[in-house]
Amino acid sequence: MAEAFGWGALGTGLLIGSVTFELIDEALKYQAVAWVAAMVLGGAAVFTVGDWLLERRGGGDRKDATGAQAEGSPLAIVLGSVLDGIPESFVLGLTVLQGGVSVSLLAAVALSNLPEGMSSSSGLRQAGWPRNQVVTMWSVVVLVSGTAAAAGYGMLGPASGRTGALVQAFAAGALLAMLADTLLPQAYAVEGVLTGSLVVTGFAVSLALSAV
């Protein structure tokens, strides 16, 4: 599991880079800095409120690998996992509007979700969830994430005008909040002081890919 979270920290850095170079940078071409900043904060606020509500209802330990989910609400755990998957899936759909799926973003989503899925599934099994219930939960997450990706593709991109730029900034803020709330704390719990270097390495790789 430790190795997996090492990849998760690397994926987090890649995602931060993707947000910077493929969302914020593009949005700033069509909107003023103040509007972009406001929408980034708005996206982060919406995700944070949703995460807070679900945590109060028993979904705060949805990614725990030790079985702490046994103390939480099954519905809140499922909804929390769905909430985590929406921002990155939405952003992935948005990048298709820019001419194709972003390699760095796709790699980042895969690297960050692998440890998430492994940790959460392990914890749910230890909490007494039957295998078919765990599989059903992840099937729901995949379905909603796919829908979010389709919605991201269907929304206006920055090339469509000022509104599209604001949509990208909002999605970027939600994604950054998700990284800070769910991925980084768990990566640090396993990797300790190496987490920072792994995140920066991922960011550097994203920078290199954006220049290709």
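Is Phe203 buried, exposed or partly exposed, and at what relative accessibility? In this predicted model, Phe203 comes out at 29% relative accessibility, so it counts as partly exposed. Buried would call for a value under 20%, and exposed for one over 50%.

Phe203 also has a ring partner. When the whole structure is searched, one aromatic pair turns up. That pair is Phe21 with Phe203: the ring centres sit 5.4 Å apart and the planes meet at 45°, so the pair is classed as tilted. Planes under 30 degrees apart would have made it stacked, and planes over 60 edge-to-face. The two rings bring together distant parts of the chain, with Phe21 in helix α1 (residues 2-27) and Phe203 in helix α7 (residues 194-210), 182 residues apart. As for Phe21, its relative accessibility is 23%, so this residue counts as partly exposed too.

Next comes a look at helix α6, which covers residues 162-191 and includes Met178. Here the picture is one of burial: Met178 has just 1% relative accessibility, and therefore counts as buried. Met178 also has a link across the sequence, since its C-alpha lies 8.0 Å from that of Ala44, although 134 residues separate the two along the chain.

Last, there is the surface. Val49, Trp52 and Leu53 together make a nonpolar patch there, with an area of about 290 Å². One of these patch residues, Trp52, belongs to helix α2, which runs over residues 33-59.

Key
Residues are numbered from 1 along each chain as its sequence is written. This is a predicted model: local features need pLDDT of at least 70, side-chain atom pairs count only at pLDDT 80 or more; totals for chains, interfaces and linings use all residues. Side-chain values use heavy atoms; hydrogens and water are left out. Helices (H or I, at least four residues) and strands (E, at least two) are DSSP runs, numbered from the N terminus. Buried means under 20% relative accessible area, exposed over 50%, partly exposed in between (1.4 Å probe, protein chains only). Rings of Phe, Tyr and Trp (its six-membered ring) pair if their centres lie within 6.5 Å; planes under 30 degrees apart count as stacked, over 60 as edge-to-face and the rest as tilted. Patches are made of residues with over 30% relative accessible area and no salt bridge: like charges are joined within 9 Å, nonpolar side chains (Val, Leu, Ile, Met, Phe, Trp, Tyr) within 5 Å. Accessible areas come from the Shrake-Rupley method with a 1.4 Å probe; for residues, only the protein chains shown count as cover. A salt bridge is a side-chain nitrogen of Lys or Arg within 4 Å of a carboxyl oxygen of Asp or Glu.
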